[in-house]
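Thanks for coming. I have one structure to go through today, so let me put it on the screen.

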Amino acid sequence: MAHFKESNVTDLFSPARFGAIDLANRIVMSSLTRNRAGVGNVPTALMAEYYRQHASAGLILTEATPICAEGHGYPRTPGIHTPEQVAGWKQVTDAVHGAGGKIALQLWHVGRISHPDLQPGGILPVAPSAIRPAGQVFTGQAMKDYVTPRALETSEIPALVASFAQAAQNAIDAGFDGVEVHAGNGYLLDQFLRSSTNQRTDAYGGSKENRARLLLEVMQAVCKAIGHDRVGLRLSPVTPFNDIHDANPQETFDYVVTELNSLQLAFLDVLQGTGGLPREEWMPFDYARLRALYTGNLILNNEYGFETGQAAVTSGEADAIAYGRLLLANPDLVERFRQGAPLNTPDYERLYTGEEKGYTDYAFLPS
Ligand code: 8OZ
């Protein structure tokens, strides 16, 4: 006989329906870059094992995945733009579905957060404007200064939008339940959204309407390609990661989420806060206002534990919580939360290196 929850309060363990995707619970695996792709940036059997281990999360959001060769900015990040990559991801989705999980692919273009050494034919990375990010990039061999990117021509925008749509179709061909467009953390779509990186004078720069235009065109194209009920979006309104800043984030992002409403996405995934800073030091931003303006399913992320995640879902602040570090180190986090069991700590030395070490060797609860 089926087991029914005793109360009808919606909490982290309650099932949910996000568009066409059924979640067994509201504990979502946040997108996490792990740099373990194989030759040709093809997903491997080890990656399939890693994602399979996490299948009890209500929804897995994959590591950020470049939509085209120019979208890469880090070594060993798996793409979704070659037939070999699509076949590699098929092993991953089969493994997760075989274990009863749901998985959406995060679609990524890094824009200026790259280097000619990581670009096809050694070309310059592209961006809204020719503004060099502060800092350095790891090219696979060495740390090098970022370069001044090439500003995209207005005439190049339709092909860029089409490559997001094609990548979404490739994700469906690879067996994914949906996609999440990555428009946060200082990458290409965020570079268009936020004022510090967008000094364009065409229809894609200047006013908030213009800065949001590329994102909204991408979302429309992706929805048209695979159906709005399989499409999510990641935003991070005040994250300074990758040397990015907006003069008026509340105004920009209030506008973006209001415009998203008519698209009826499966979910919106908002990374709160400002990087590794403690909550008290986050830049001011009114997430409750976004919640009020946005009519769809909202996933919140950053610094949540069990109690705070439960409180956010039961109070209706969020429909689900995305966990990164906790799920990384505890593939059976759902069961640990259920039992109040102790948690493993992440091996920070092996986030981006180590093959199976610090990746697929975290202990499960004894069964
Ligand atoms: C950490 C290292 C490399 C990439 C992001 C895709 O912040 C990333 C990322 C994070 O969204």
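I will start with the fold, then go to the ligand, and finish with two single residues.

A caution before the details: this is a predicted model.

The overall arrangement first. Eight strands form a closed barrel with parallel pairing, in the order S3-S4-S5-S10-S11-S12-S13-S14. From one strand to the next, the twist averages 25 degrees.

I will use S5 as the way in. Strand S5 covers residues 103-108, and 6 of its 6 residues are buried, so the rest of the structure largely encloses this strand. Look at the side chains along S5. Ile-103, Leu-105 and Leu-107 point one way, while Ala-104, Gln-106 and Trp-108 point the other way, and all of them are buried.

Now the two partners of this strand in the barrel. On S4, residues 59-66, the pairing with S5 is parallel and spans 5 bridges. In that pair, Ala-64 stands opposite Gln-106 of S5. S10, residues 178-182, also pairs with S5 in the parallel sense, over 4 bridges. Here Ala-104 is the residue that stands opposite Gly-178 in S10.

What is the handedness of the β-α-β unit made by S4, helix H2 and S5? The unit is right-handed, and its helix, H2, comprises residues 83-98. H2 lies across both S4 and S5, and runs at about 150 degrees to S5.

Further round the barrel, S11 (residues 231-235) and S12 (residues 267-271) run parallel and are joined by 4 bridges. Leu-233 stands opposite Leu-268 in S12. Helix H7, residues 249-260, lies across S11 and S12, at about 175 degrees to S11.

Next, the ligand. Which residues are around the ligand? They are Thr-33, Ala-64, Tyr-74, Trp-108, His-182, Asn-185, Tyr-187, Phe-241 and Tyr-352. Some of these names have come up already: Ala-64 is the residue opposite Gln-106, and Trp-108 is one of the buried residues of S5. Two side chains have polar atoms to point out. In His-182, an N or O atom of the side chain is 2.7 Å from an oxygen atom of the ligand. For Asn-185, a polar side-chain atom lies 2.7 Å from an oxygen atom of the ligand.

Now the first single residue, Asp-246, in the loop between S11 and H7. Is Asp-246 buried or exposed? Its relative accessibility is 3%, so Asp-246 counts as buried; the cut-off for buried is under 20%. Its side chain reaches the backbone nitrogen of Ser-195 at 2.8 Å. The side chains of Asp-246 and Arg-211 are joined by a polar contact of 3.3 Å. Setting aside residues up to four places away in sequence, Asp-246 touches Leu-193, Arg-194, Ser-195, Arg-211 and Thr-252.

The second residue is Asn-344, in the segment after helix H11, which is 333-339. With 22% relative accessibility, Asn-344 counts as partly exposed. Which backbone atom lies 2.9 Å from a polar atom of the side chain of Asn-344? That atom is the backbone oxygen of Ala-329. Apart from neighbours within four places in sequence, Asn-344 is in contact with Ala-329, Asn-330, Arg-336, Tyr-362 and Ala-363. As for Leu-328, this residue is 16 residues from Asn-344 along the chain, and their C-alpha atoms are separated by 9.3 Å.

That is what I had to show.

Conventions
Residues numbered from 1 in each chain as written. Predicted model: local features only at pLDDT ≥ 70, side-chain atom pairs only at ≥ 80, totals over all residues. Heavy atoms only, no water. Buried < 20%, exposed > 50% of the residue type's maximum accessible area, 1.4 Å probe, protein only. Pairing = 2+ DSSP bridges. Right-handed = clockwise from strand over helix to strand, strands pointing away. Axes fitted to C-alpha atoms, helices over the stretch in contact; angles between N-to-C directions. Contact = heavy atoms within 4.5 Å. Near = heavy atom within 4 Å. Polar contact = N/O pair within 3.5 Å; in protein donor to acceptor, adjacent residues only side chain to side chain.
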